[in-house]
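This report follows a set of annotated residues and the sheet that accompanies them.

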Amino acid sequence: MTRPIWIKNIHQLATLASNKEGPRSREAMSKLGIIENGSLWIEDGIIQAVGSTIVLEQQYAARREEAEIVDATGHLVTPGLIDPHTHIAFGGSREQEFEMRLEGVPYMDIMNAGGGIHATTRMTRECTEEEIISQTTRRLDSFIHHGVTTVEGKSGYGMNLESELKQLRVMKKLQEIHVIDLVPTFMGAHAVPPEYKGREEEYIDHLINDMLPVVAEEKLAEFNDVFCEKDVFTPEQSERILEAGKRYGLIPKIHADEIVAYGGAELAAKVGAISAEHLLKASDEGIKEMAKAGTIACLLPATALYLREEAANGRKMIDEGVAVAISTDCNPGSSPTTSMPLVMNLACISMRMTPAEALTAATYNAACAINRQDRIGSLEVGKQADVVLWDVKSYQELQYLFGVNHTKAVWKKGVKVVG
């Protein structure tokens, strides 16, 4: 048994608590459940009490001497940040491509010439599990120091049975040994590998008939994702892959409408995807369909910045009733960052989201996008004690002072892991 933890005198405690179940949209995204001069009481990794310091002083007066007391005077406390879209487990890097893009070479041209996803696939196939674990651990360490306590991770840099399973098994091992919770997604449909060029339907058959059954049997993933994009997978092919995953119990996600408007948002709604990602070019009709279906828009403003593209229209999506989450899209080619605080800043600056909406998108709605809202994403009694103490006094200041890591301390399941 560990000592209880009492975080008290919190200048602003953003609990994200709400009576609304499921992802939040419209005005609900601005309701942060703020408690001024707040307190949290944590025992055995679970939040036992949330309220004002005055109330908890009375409630726990007899147990004061038991607790490890953290004085949070002048500070903001929030739930641990959640990154619901990453490609974190891979080998190698692609800094040369960054320079190529700055010289004017389009992203898809690089990929079609054997770079991009294909370059990382070659390097990932060549790496051992131990090498990928070592590289990924460094990225996870950086995430936790930026206040991120849960990360979704996709495969998709293997694109054959052996290497896809290698990536997923790496994530399974990291879930066992790293403090961050790592949520796995199978994305064998990240691209068509070069050896199947011109034989795309054969690759899809291989993915459905050979990869999906093993992923399901070994319980290596919870979600199934596909890159629905021109020159990658068509909406019809994507639907076939996602429906096949559903038969194996995998929840659909979809990379949609990143490069061109391609019907990805509409397809996400049609197949009941829990989330659609990117959406830079999503159509007005697709946005409306997502709102009706309850599909979460997982937006990636750092990727748009890195590729020098106009960001997704987060403001329009929220106003149309779509629940929005945000993510780093941590990957070696289009967003090699682990800074969710920066992503929150960019959500405000480039997508016209408010500071409150950005925080909701990085916590509670992000939890919904990976089906974890019952245990993380808000600071409520009975939930996992994933908590961040920030070296600012308010959620507004967290977004105002952009490009800075304000993380002062992090607790994961009630254990202090940073600070």
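## Annotated residues and the sheet

D329 is placed in the loop between β13 and α13 (340–351), in what is a predicted model. With 2% relative accessibility, under the 20% cut-off, D329 counts as buried. Leaving out residues up to four places away in sequence, D329 touches D83, H85, T86, H87, H278, L300, T303, S334 and S335.

D329 belongs to a group that UniProt, in an unreviewed entry, lists for "binding site", together with H85, H87 and H255. Although these residues are spread over 245 residues of sequence, they cluster in space, with a largest C-alpha distance of 12.2 Å. The lining of the largest cavity includes H87, H255 and D329 from this group.

H87 lies in the loop between β6 and α2 (95–102), and its contacts beyond four places in sequence include K154, Y157, H190, H255 and D329. The side chains of H87 and H255 are joined by a polar contact of 3.3 Å.

| Residue | Loop | Relative accessibility |
|---|---|---|
| H87 | between β6 and α2 | 2%, buried |
| D329 | between β13 and α13 | 2%, buried |

Turning to the sheet, its 8 strands form an open arrangement in the order β6-β7-β8-β9-β10-β11-β12-β13, with parallel pairing. Because β6 (81–83) and β13 (324–326) stand at the edges with a single partner strand each, one side of each is left without a neighbour in the sheet. Neighbouring strands are turned by 25° against each other on average, direction ignored.

Within this sheet, β8 (residues 181–189) and β9 (residues 223–228) pair in the parallel sense over 3 bridges, and A189 stands opposite V226 in β9. Helix α8 (residues 235–247) lies across β8, β9 and β10 (251–256), running at about 175° to β9.

Note on methods:
Residues numbered from 1 in each chain as written. Predicted model: local features only at pLDDT ≥ 70, side-chain atom pairs only at ≥ 80, totals over all residues. Heavy atoms only, no water. Pairing = 2+ DSSP bridges. Helix = DSSP H or I, 4+ residues; strand = E, 2+ residues; numbered from the N terminus. Axes fitted to C-alpha atoms, helices over the stretch in contact; angles between N-to-C directions. Contact = heavy atoms within 4.5 Å. UniProt positions renumbered as here; feature names shortened; annotations may be inferred. 1 Å grid on protein atoms, 1.4 Å probe; cavity = no way out; pocket = protein on both sides within 12 Å on 5 of 7 lines; lining within 4 Å. Buried < 20%, exposed > 50% of the residue type's maximum accessible area, 1.4 Å probe, protein only. Polar contact = N/O pair within 3.5 Å; in protein donor to acceptor, adjacent residues only side chain to side chain.
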